[in-house]
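Let's take a walk through this protein together, beginning with its charged pairs and then moving on to the fold, the core and the surface. Keep the viewer open as you read.

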Amino acid sequence: AVAQAESQGADRKLGPRRLSDFLRHTFRAESAAPVVHCRELEHGLIHRLDAPSSGLLLVALHHEALFHLRWLRDTMQIDREYVVLCHGHVDTSLSSIDAPLRSAIRTP
């Protein structure tokens, strides 16, 4: 995965960087997040949830969390729950919406 980094206080781009670089930079103290600094453990990256939409990442910082989250992932025990913000009025009797999400990005 590649993240685009911006320098503080400036609009210029630093160029593409690896997500693992971002994690190691964010959690600089290896004692605070040992898994993030370990290449053999894929820097703690568990899963990219909903890549076509949010691209939310699931990352473990410690060994116990890494192996527990991997087990949950591999046994399909990770659920997703969404909170939707909308503009306008929603009927109070509406309790669920069963419809596909439409992407704002149009492909030719």
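A salt bridge here is a side-chain nitrogen of Lys or Arg lying within 4 Å of a carboxyl oxygen of Asp or Glu. With that in hand, look at Arg24 and Asp21: they form a salt bridge in which the closest N and O atoms are 2.5 Å apart. Please keep in mind that this is a predicted model. Why are these two partners separated by about one helical turn? Arg24 and Asp21 are three residues apart in helix 1, and that spacing puts about one helical turn between them. Arg24 is partly exposed, at 27% relative accessibility, and Asp21 is also partly exposed, with a relative accessible area of 27%.

Now step back to see where helix 1 sits in the fold. The protein has two helices and four strands, and along the sequence they follow the pattern β-β-α-β-β-α. Helix 1 spans residues 19–26, and Leu19, Ser20 and Leu23 are buried in it. Seen down the helix axis, the buried residues of helix 1 fall within an arc of 100°, so they line one face of the helix.

What about the protein as a whole? Buried residues make up 20% of its 108 residues. The protein exposes about 9,400 Å², and carbon and sulfur atoms supply 55% of that area. Among contacts with a separation of 6 or more, 30% are between residues 24 or more positions apart.

Let's go inside next. In soluble globular proteins, nonpolar side chains tend to be buried together. Here, the largest nonpolar core has nine residues: Val35, Cys38, Leu41, Ile46, Leu58, Ala60, Leu66, Leu69 and Leu72. Which element gives the most to this core? That is helix 2 (residues 63–74), with three residues. Leu66 is a good place to center your view: leaving out residues up to four places away in sequence, Leu66 touches Val35, Leu41, Gly44, Ile46 and Ala60.

Helix 2 also holds Arg70. Is Arg70 buried or exposed? Arg70 counts as buried, because its relative accessibility is 18% and the cut-off for buried is under 20%. Beyond its neighbours within four places in sequence, Arg70 is in contact with Leu41, Glu42 and Ile46; Leu41 and Ile46 are among the residues of the nonpolar core.

Side chains of opposite charge can pair when their charged atoms come close. The side chains of Arg70 and Glu42 meet in a salt bridge, at 3.7 Å from N to O. Glu42 lies in the loop between helix 1 and strand 3 (45–49) while Arg70 is in helix 2, so the pair ties together parts that are 28 residues apart in sequence. Unlike buried Arg70, Glu42 is partly exposed, with a relative accessible area of 48%.

How many salt bridges does a search of the whole structure find? There are three. One not yet visited joins Arg73 and Asp74, with the closest N and O atoms 2.9 Å apart. Arg73 is partly exposed at 29% relative accessibility, whereas Asp74 is exposed, with a relative accessible area of 54%.

Finish on the outside. Val90, Leu94 and Ile97 form a nonpolar patch on the surface, and together they have about 290 Å² of accessible area. Ile97 belongs to the segment after helix 2, and it is exposed, with a relative accessible area of 69%.

Methods:
Residues are numbered from 1 along each chain as its sequence is written. This is a predicted model: local features need pLDDT of at least 70, side-chain atom pairs count only at pLDDT 80 or more; totals for chains, interfaces and linings use all residues. Side-chain values use heavy atoms; hydrogens and water are left out. Buried means under 20% relative accessible area, exposed over 50%, partly exposed in between (1.4 Å probe, protein chains only). Contact means heavy atoms within 4.5 Å. Accessible areas come from the Shrake-Rupley method with a 1.4 Å probe; for residues, only the protein chains shown count as cover. A nonpolar core is a set of buried Ala, Val, Leu, Ile, Met, Phe, Trp, Tyr and Cys residues joined through side-chain atoms within 4.5 Å. Patches are made of residues with over 30% relative accessible area and no salt bridge: like charges are joined within 9 Å, nonpolar side chains (Val, Leu, Ile, Met, Phe, Trp, Tyr) within 5 Å. The arc is that of the directions from the helix axis to the C-beta atoms.
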